[in-house]
Amino acid sequence: MGRAFAEKVLARAAGLSEVRLGEIVDVYPDLYMSHMASWRCIRTLEKLGTDKLYDPDRIAMVMDHISPARTAKIADDQRLCREFAARRGIKKFYDVNAGIAHVVLMEEGHIRPAMVVIGTDSHSTIYGALGALGTGVGFSEITAAWVTGKLWMKVPESIKVVIQGPLARGTSSKDVMLKLIGDLTADGATYCSVEFHGSYTEGLSISDRMTLCNLAMEVGAKNAVVCSDEVTRTYLAERGVPPDRYTEIHPDPDAVYVKSVTVDARSLAPQIACPHAVDNVKPIDQVAGTKVNQVFIGSCANAKYEDLVEAAKILKGRKVAAGVRLLVSPASKEIVQRTVKDGTYSILLEAGALITNPGCSACAGDGGVMADGEVTLSTANRNFQGRMGSYNAEIYLGSPVVAAATAIRGVITDPREFLP
Amino acid sequence: MQARGRCWKFGDNIPTDRIVRTDLVFRPFSEIVQHVLETCNPEFPLKVKPGDIVVAGKHFGQSSGRAIAAKAMKHTGVSCIIAESFARTFYRNGFEIGMPVLECPEITAHVSDGEILVVDIDSGRIVNETTGRQLQAKPTPPFLLDMLRAGGLIAMAERLAGEG
Ligand code: SF4
């Protein structure tokens with residue numbers, strides 16, 4: 001009987017020749033990511049009274065979520081991390097200038113196919129964009145892994161998602177995922193490994209794969225993956241990681257899936273997740289015209305270089321509507337550099353955007369929050385009440401081009417109006 | 001391990017953002033507990049008593065992986081949480097901090113607010129004392145029960161470190 005991706009990767013990381021579905025195994029993750037919660041891990045380690053670290057090279061810390069520090073307490077927490085990293089020889093330490101942990105670690109070549117990566121963040125599913133198994137855990141579990149090197153994991157069942165391409169005009173990986181989340185619902189893949197297959201995924205950019213795997217968290221997935229291929233190898237090679245530095249793991253052709261779902265991306269309209277649930281998804285014509293106060297282009301789901309370029313194509317030579325705030329928070333320093341170099345940065349500025357430093361920004365409620373009764377159209381991955389300021393505010397989620405079109409009109413707008 | 005207390009019942013898909021408001025995550029727990037789940041039931045943070053049991057529908061604790069939501073529940077004094085299903089990060093975080101969480105797909109159909117529930121955490125047997133109804137939750141793996149008995153992952157690690 002064939003085995004799916006997660007079964008094979010977990011067997012490898014557990015040092016076993018085979019694992020059974022539902023079996024609980026001790027896995028040795030290849031990388032432990034912690035973001036702002038790193039200080040909690042360090043304090044917990046102090047409490048444990050041990051100096052031992054299983055492998056400092058598997059520890060990665062990125063000071064995202066609140067960056068730069070907003071209060072003296074946060075500055076102190078960040079100093080603790082900085083000093084700990086220096087003292088303990090943690091080379092994968094990225095400070096407040098780097099950007100969102102998930103994107104930074106991939107850009108830096110730390111994520112490779114067949115790895116098991118755990119992170120103090122639920123969207124750690126994103127590492128599947130490079131053929132790795134990424135999953136979120138609490139900070140105490142990261143601390144325990146720092147010391148013991150291992151973590152318990154249950155071998156998940158797998159769901160096969162087949163996406164038929166090519167994409168319809170005006171849509172993107174974001175629309176594909178919103179459609180899937182609406183169809184599967186917010187708990188449709190709980191505890192499961194989600195594998196993306198189908199013609200759409202073939203040759204798909206790493207940026208779009210990130211969006212797919214990131215948003216898979218919103219159907220409750222344990223992890224999500226687009227299996228590694230030539231696109232993955234090229235991306236890694238460009239980041240100084242040649243193929244002999246990693247192995248690849250693919251599902252068997254006769255792997256068994258608990259469920260199989262298909263998304264037909266060829267006939268898709270732009271999709272919007274409406275307040276206050278990510279699975280409250282509607283095609284754009286049902287909500288077009290809704291007035292917004294703010295548009296946010298940011299988050300690990302959709303503030304990558306490609307996302308900003310797509311938004312800028314629509315914003316070029318146009319202005320943000322009067323009274324509307326357009327907030328752009330690039331996902332990483334590297335993305336800022338690229339947009340500065342190719343002029344995307346100025347296009348956004350000239351259109352009237354407020355461009356923040358790279359990081360989680362408004363997605364983590366770190367600036368850019370809303371007042372009572374306000375409405376935001378956001379490219380992030382969550383729209384729960386209170387996620388961006390007031391409990392009496394509303395968040396709609398959409399793609400970067402929907403965000404750009406909406407910023408220009410001041411109401412939720414179908415981006416196809418602006419496309420050739 | 002046993003729990004006995006009044007039932008507080010909640011719906012499906014409750015995100016961590018509603019368990020602990022995002023703007024309160026950096027506040028002390030003494031303040032956070034005054035607002036736990038308030039947007040789902042304003043009475044809850046005001047009237048919850050030590051030992052009370054929270055029952056929820058499917059996918060309790062979705063959204064953020066931060067353990068603060070599970071911790072905040074523990075600080076209210078709630079003795080255990082029974083849901084039809086949990087978001088996986090919330091499930092893990094429950095054991096990590098020593099808060100019993102049990103999955104019982106039939107639970108919401110057979111209990112109501114204010115009824116007295118008795119839960120045997122080890123076996124997963126649930127008795128609704130008010131109605132006499134008995135239910136069986138999914139079994140918890142033995143090593144997670146050990147973790148609960150120790151008071152959570154870090155407490156367990158401390159104990160092991162002490163022994164070693
Ligand atoms: S950008 Fe948003 S979703 Fe992504 S890691 Fe930061 S806070 Fe979480």
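The following conversation goes through the contact between two chains, one helix pair and some unusual backbone sites in a predicted model.

Colleague: What should I know before reading the numbers?
Modeller: Residues are numbered from 1 along each chain as its sequence is written, chains are lettered from A and ligands numbered from 1 in the order in which they are written, and side-chain values use heavy atoms, with hydrogens and water left out. This is a predicted model, in which local features need pLDDT of at least 70 and side-chain atom pairs count only at pLDDT 80 or more, while totals for chains, interfaces and linings use all residues.

Colleague: How many residues does each chain bring to the contact?
Modeller: Chain A gives 33 residues and chain B gives 35 residues, where contact means heavy atoms within 4.5 Å.

Colleague: And what area is buried between chain A and chain B?
Modeller: About 3,000 Å² is buried, and carbon and sulfur atoms give 59% of that area. Buried area is the accessible area (1.4 Å probe) that two parts lose on being put together, summed over both.

Colleague: Which three residues supply more of chain A's share than any other three?
Modeller: They are A:Trp152, A:Tyr191 and A:Tyr391, which supply 23% of the area that chain A buries against chain B.

Colleague: How many salt bridges are there between chain A and chain B?
Modeller: There are three salt bridges between these chains, and 35 over all chains of the structure. A salt bridge is a side-chain nitrogen of Lys or Arg within 4 Å of a carboxyl oxygen of Asp or Glu. B:Arg92 pairs in this way with A:Glu141, with 2.7 Å between the closest N and O atoms. B:Lys58 and A:Asp187 also form a salt bridge, at 3.4 Å from N to O.

Colleague: Why does the pair of B:Lys58 and A:Asp187 join two chains?
Modeller: B:Lys58 is in the loop between strand 2 (53-56) and helix 4 (68-75) of chain B, and A:Asp187 is in the loop between helix 6 (173-184) and strand 9 (193-197) of chain A, so the pair joins two chains. Helices (H or I, at least four residues) and strands (E, at least two) are DSSP runs, numbered from the N terminus.

Colleague: Changing topic, how do helix 10 and helix 13 of chain A meet?
Modeller: The axes of helix 10 (residues 305-315) and helix 13 (residues 400-409) of chain A come within 8 Å and cross at roughly 30°. Axes are lines fitted to C-alpha atoms, for helices over the stretch in contact, and angles run from 0 to 180 degrees between N-to-C directions. Residues making the contact include A:Ala311 and A:Ile314 of helix 10, and A:Ala404 and A:Ile408 of helix 13.

Colleague: Where are the cis peptide bonds?
Modeller: One runs from A:Gly165 to A:Pro166, with omega near -5°. A:Pro166 lies in the loop between strand 8 (158-164) and helix 6 of chain A. Another joins A:Pro275 and A:His276, with omega about -10°.

Colleague: Which residue has a positive phi although it is not a glycine?
Modeller: That is A:Ala114, with phi of about 70°. A:Ala114 sits in the loop between helix 4 (101-107) and strand 5 (116-119) of chain A.
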